[in-house]
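Here is a quick tour of the cysteines, one helix, a surface patch and a couple of odd backbone angles. Have a look at the structure first, then read on.

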Amino acid sequence: EEMKAAPASVTRTTYTIMTHTEIPTKAVTREEMKAARLPQAFRDSCAHILIPLDQCRKDCFWLPWKCTDLRHAYEKCQYEDYLRRVQEKLELQKTQVE
């Protein structure tokens, strides 16, 4: 007997991705970072995304499939900041060699 494939709605489980806010774009002040109780090591150029991400994580009990948009935005921000710092270092090394 030939088996028929089950409909996609049966074979796939879909999860609702919860995001509390849009991905923020403005920088936060030191006072806002202090009020959000961010550790010193995380008070960088990506803190404007980390603050709502931490709040979302607390609200969702750190469920791994929640807050994914904010998490990916934070990871992308961290990576872009890393690339910027590498580029600055390479430019500095160029000027020192010349």
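## The C56–C67 bridge

C56 and C67 are joined by a disulfide, with an S to S distance of 1.9 Å. Keep in mind that this is a predicted model. C56 sits in helix 3 and C67 in the loop between helix 3 and helix 4, so the bond ties together parts that are eleven residues apart in sequence. The torsion about this S-S bond is about -90 degrees, so the disulfide is left-handed.

How accessible are the two partners? C56 comes out at 0% relative accessibility, so it counts as buried. C67 has a relative accessible area of 3%, and because the cut-off for buried is under 20%, C67 is buried too.

## The other bridge, and a cysteine without one

Searching the whole structure turns up two disulfides. Besides the pair above, C46 is bonded to C77, with 2.1 Å from S to S. This one links distant parts of the chain: C46 is in the loop between helix 2 and helix 3, C77 is in helix 4, and 31 residues separate them. The torsion about the S-S bond of C46 and C77 is again about -90 degrees, so this disulfide is left-handed. C46 is buried at 0% relative accessibility, and C77 also counts as buried, at 14%. If you number the bonded cysteines in sequence order, the pairing reads 1-4, 2-3.

Why is C60 not bonded to C67? The closest cysteine sulfur to that of C60 is indeed the one in C67, but it is 4.1 Å away, which is too far for a bond; the cut-off for a disulfide is 2.5 Å. C60 is buried as well, with a relative accessible area of 5%.

## Helix 3 up close

Helix 3 covers residues 47–59, which makes 13 residues. At 1.5 Å a residue the helix should span 18 Å, and its end C-alpha atoms are 18 Å apart, so expectation and model agree.

Which residues of helix 3 are buried? They are A47, H48, I49, L50, P52, L53, C56 and R57. The buried residues of this helix pack against helix 2 (30–35) and helix 4.

## Two positive phi angles

Now for the backbone. Most residues other than glycine have a negative phi. F61 goes the other way, with a positive phi of about 60 degrees although it is not a glycine. F61 comes just after helix 3, in the loop between helix 3 and helix 4. At 70% relative accessibility, F61 counts as exposed.

R37 is another non-glycine residue with a positive phi, in this case near 60 degrees. Where is R37? You'll find R37 in the loop between helix 2 and helix 3. R37 counts as exposed, with 74% relative accessibility.

## A nonpolar patch on the surface

Last stop is the surface. Y79, Y82, L83, V86 and L90 make a nonpolar patch of about 470 Å². One of these residues, V86, is in helix 4, which runs over residues 68–97.

Is V86 buried, exposed or partly exposed? Its relative accessibility is 33%, so V86 counts as partly exposed. That value also fits the patch, because patch residues need over 30% relative accessible area.

Terms used: Residues numbered from 1 in each chain as written. Predicted model: local features only at pLDDT ≥ 70, side-chain atom pairs only at ≥ 80, totals over all residues. Heavy atoms only, no water. Patch = residues over 30% accessible without salt bridge, like charges linked within 9 Å, V, L, I, M, F, W, Y side chains within 5 Å. Areas by Shrake-Rupley, 256 points an atom, 1.4 Å probe, with all protein chains shown as cover. Salt bridge = Lys/Arg side-chain N within 4 Å of Asp/Glu carboxyl O. Helix = DSSP H or I, 4+ residues; strand = E, 2+ residues; numbered from the N terminus. Buried < 20%, exposed > 50% of the residue type's maximum accessible area, 1.4 Å probe, protein only. Expected span 1.5 Å × (residues − 1). Contact = heavy atoms within 4.5 Å.
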